[in-house]
Amino acid sequence: MKQLRLWPQSLVGQIIVLVAIALFVAQAINFGLLLRERNRVELTSQTAPVVYRVINALDVRPDRWPGRDNREQGEDRDRDRRNVDFSTTRPTLTGKPRPDVEARAAAMFEDIGLTVHAIAAAEDSRIMPLRRWEQIRSRATGEAPRDHRVGRLTLAVEYEPGKWLSTEARIGSRPPRFGGWLVAQTLILYVIVLIPLLWMGRRFASPLKQLTGSARQFARTGLADPVEESGPGDVRQLTTAFNAMRARIIAMLDEKDRMLGAIGHDLRTPLASLRVRTESVEDDGERARMSETIEEMNRMLDDILSLARAGRSSEAAQKVDLTSLADAVVEDFIELGSPVDMIDSDRAVAFVRAQQIRRALRNLIENAIVYGDRAHVSVQHQDGMIRIVVADEGPGIAEEKMGEMMEPFTRLEGSRNRETGGAGLGLALVRAIMAEHGGALQLANRPGGGLEASLVLPA
């Protein structure tokens, strides 16, 4: 079962996600700063009215302006000392203490140069008397008056030792309403930034996707269509360089194929001449050994040419029943008297080049017969893959030599009994054929003894 990948794998997707995360973090920091500033403004707006009343009340107290007449002082007291109480004892405040208001008020007093000895603040809520129009509406409609509660902030200040002044003011109870505005701002910012980024991402992704597809096609078949040169300048330069590299590699591969064809033709001509000359040898044993040597050289030449041309097969891929193909190859060996058997297997269809798979399977069966006495062939379905398994009854291969055995021109003299020659190209050719099909060649020692070689192909 595949695990869900939350982090995108493409370059464009990762850039967009990183930008989105950066915007979110920036907006979160912005929200924190705005909230802090809003709280400071809110605190100042709550504290300023009571501080203003305290300052005014202290400015017009009788002992501050002894030269003013009583009538003028009385008018000022009536106007500026409303809701202000003077006392010689510390007032008892009810409600929730507000140390933040106390700190803000102390700072405001310090800013204007007013020295105070102590400050106390508390917040509570009270039922306010009905306004006249509310009383009239209540009598007219017969509805019970609603509970009209408002927040009240009380501030007590010791302006001189043993002398206290207390006052109160109404404070708002509505919470700050900037959350919705901030969400809207964030959405607008995402739209403004991410839509152009998505557009740029598509300009980057489209040519890169074509470039990736062409590179994969080239790796799989040795041929690829040129990529359209589009997108930003850097991407166009990359595409131009890829197209130039592709053209040069194809030219080199074509030249290699022509050279290999010429080499194969030039080598087969003297081999054919040698085969004719062997017929004139009178000694039957010597003639047979010479013929076997010539045949071995022909097989070696075929293997070398096939390995050199791996990945550039002219055979078209098609749907093939691998079980039927394996059964036909086994029948060919049985007709020649070889110790090979086919285990009953279910039908397995894959998109392959039949001649190449047949050659790979023949190589594995020949190895199993020569080095393992007998070959047991089966076709299996496993984890979405098709496995053509060739098991033998020989001594197997040391684990540390498994990888080395699939390299060209590698022969393992000690681990397996070899009575005949060979260039060590069989398994290397099989591995190349499997790579061309997007599969793999796997070697493993059997628990009961012997080697198990598997052609693993996508189903």
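**Exercise 1. Place E331 in the fold and state whether E331 is buried, partly exposed or exposed.**

Step 1. E331 lies in helix α8, residues 322–335. Helices here are DSSP runs of H or I with at least four residues, numbered from the N terminus. The model is predicted: local features need pLDDT of at least 70, side-chain atom pairs count only at pLDDT 80 or more, and totals for chains, interfaces and linings use all residues. Residues are numbered from 1 along each chain as its sequence is written, and side-chain values use heavy atoms, without hydrogens and water.

Step 2. Apply the cut-offs: buried is under 20% relative accessible area, exposed is over 50%, and partly exposed is in between (1.4 Å probe, protein chains only). E331 has 37% relative accessibility, so E331 is partly exposed.

**Exercise 2. Which helix holds F24, and is F24 buried or exposed?**

Step 1. Find the helix: F24 sits in α1, residues 11–59.

Step 2. Check the cover. The relative accessible area of F24 is 55%, so F24 is exposed.

**Exercise 3. How many residues of helix α11 are buried?**

Step 1. Helix α11 spans residues 426–436.

Step 2. Count the covered positions: 9 of the 11 residues are buried, so α11 is mostly covered by the cut-off of under 20%.

Step 3. Name some. Among the buried residues are L427, L429, V430, I433 and M434. E436 is also one of them.

Step 4. Look past the helix. G438 follows α11 and has a positive phi, near 75°.

**Exercise 4. What share of the protein chain is buried?**

Step 1. The chain has 459 residues.

Step 2. Of these, 34% count as buried.

Conventions: Helices (H or I, at least four residues) and strands (E, at least two) are DSSP runs, numbered from the N terminus.
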